[in-house]
Amino acid sequence: MPINHDVLRNLLEGSGFVKQTDLDDAFKVSAHLGCDVSDVLLGRNLISEDNYGQILATYYNISFINLDKIEIPHSVINQIPEDLAAEKMAIVFENKDGVLGVAMQDPQDLETIEMIRKTVGSGYQLVIYVATSTALKNALKAYKERTASVQTDDVMKVDDTNLSAIALVENFLDYAVREEASDIHIEPIPEHLLVRIRVDGVLQDHKVFPIKLHSPITARIKILSSLKIDEQRLPQDGQFSVFL
């Protein structure tokens, strides 16, 4: 669980890393803004990332990782989806021969660890590290950078008269089967529709389509899965089989 404010204050006071007046002010500001006190301390440069990490490592009895010093490859961070990473403040930052380094704000959150374990699959081992919330928020930008890197020139040119949503769905299903993919992600991003597949536990970009194809592709999948086409608010479960 997150460090109790009183415990954190005692740890910070005992560390000698922050002046008492600065510490008192930081706690007042964090309470007023409703943010983590580490955001105030680090944002005002009242304590270094590494020094604050030492405090976290001492409390949790686990290794600290400074994410600000690491460039995380897209193939690594995409081991878990962005929404899960942002909600749980947990990021996969390295993959060493199937051993995934996972940085978390709360490394004692066993429920999230189990969720990540199920997401990446049984072929990986997890090593948990603690990281500051500030560094985790910065690291989350790596997801946005991947999205921003999609250029117009990369968009697949589609002639609506020759290539229908039916053909497009069959195309990426066929590719996913041939690559032995475990799942397919269809993600609307600004102006484009990104199709990604997970192969050997790693999400990788497959195709980028014009955003106008989002509705027909979604409708095609709903039809195959016997789902309600007009239902757009509530989640639906369905399945289908294909012969390729």
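**A three-stranded sheet, two helices and two serines**

In this predicted model, strand β5 (residues 192–199) lines up with β6 in the antiparallel sense, and the pairing runs over 8 bridges. One of these partnerships can be picked out by eye: V195 has K207 of β6 as its bridge partner. As a helpful reminder, the strands of a sheet pair through backbone hydrogen bonds, in either a parallel or an antiparallel way.

The pairing of β5 and β6 belongs to a wider arrangement. An open sheet is formed by 3 strands in the order β4-β5-β6, with antiparallel pairing. Its edges are β4 (183–189) and β6 (202–210), each of which pairs on one side only. From one strand to the next, the twist averages 25 degrees.

Which strands does helix α10 touch? Helix α10 (residues 165–178) packs on the sheet and touches β4, β5 and β6. The direction of α10 makes about 160 degrees with that of β6. Helix α11 also deserves a look: α11 lies across β4, β5 and β6 and runs at about 150 degrees to β4.

A database record can be set beside this picture. In an unreviewed entry, UniProt lists residues 165–242 as "domain: Bacterial type II secretion system protein E". Over residues 165–242, the chain is 32% helix and 31% strand. The C-alpha atoms at the two ends of this stretch are 15 Å apart.

Two serines are worth finding in the structure, beginning with S241. This residue is found in the segment after α11 (214–224). Is S241 buried or exposed? S241 counts as exposed because its relative accessibility is 67%, and the cut-off for exposed is over 50%. Although S241 and I223 are 18 residues apart along the chain, their C-alpha atoms are separated by 12 Å.

The other serine, S38, is found in helix α3 (residues 37–43). Here the relative accessibility is 2%, so S38 counts as buried; the limit for that label is under 20%. What does the side chain of S38 make a polar contact with? The partner is the side chain of D36, at 2.7 Å. With neighbours within four places in sequence left aside, S38 is in contact with G43, Y52, S133 and T134.

Taken together, the two serines make a handy pair for practice: S241 counts as exposed, whereas S38 counts as buried.

Technical notes. Residues are numbered from 1 along each chain as its sequence is written. This is a predicted model: local features need pLDDT of at least 70, side-chain atom pairs count only at pLDDT 80 or more; totals for chains, interfaces and linings use all residues. Side-chain values use heavy atoms; hydrogens and water are left out. Helices (H or I, at least four residues) and strands (E, at least two) are DSSP runs, numbered from the N terminus. Buried means under 20% relative accessible area, exposed over 50%, partly exposed in between (1.4 Å probe, protein chains only). A polar contact is a pair of N or O atoms within 3.5 Å; within protein, one must be able to donate a hydrogen and the other to accept it, and residues adjacent in sequence count only if both atoms are side-chain atoms. Contact means heavy atoms within 4.5 Å. Two strands pair if DSSP finds at least two bridges between them. Axes are lines fitted to C-alpha atoms, for helices over the stretch in contact, and angles run from 0 to 180 degrees between N-to-C directions. UniProt positions are given in the numbering used here, feature names are shortened, and annotations may be inferred rather than shown by experiment.
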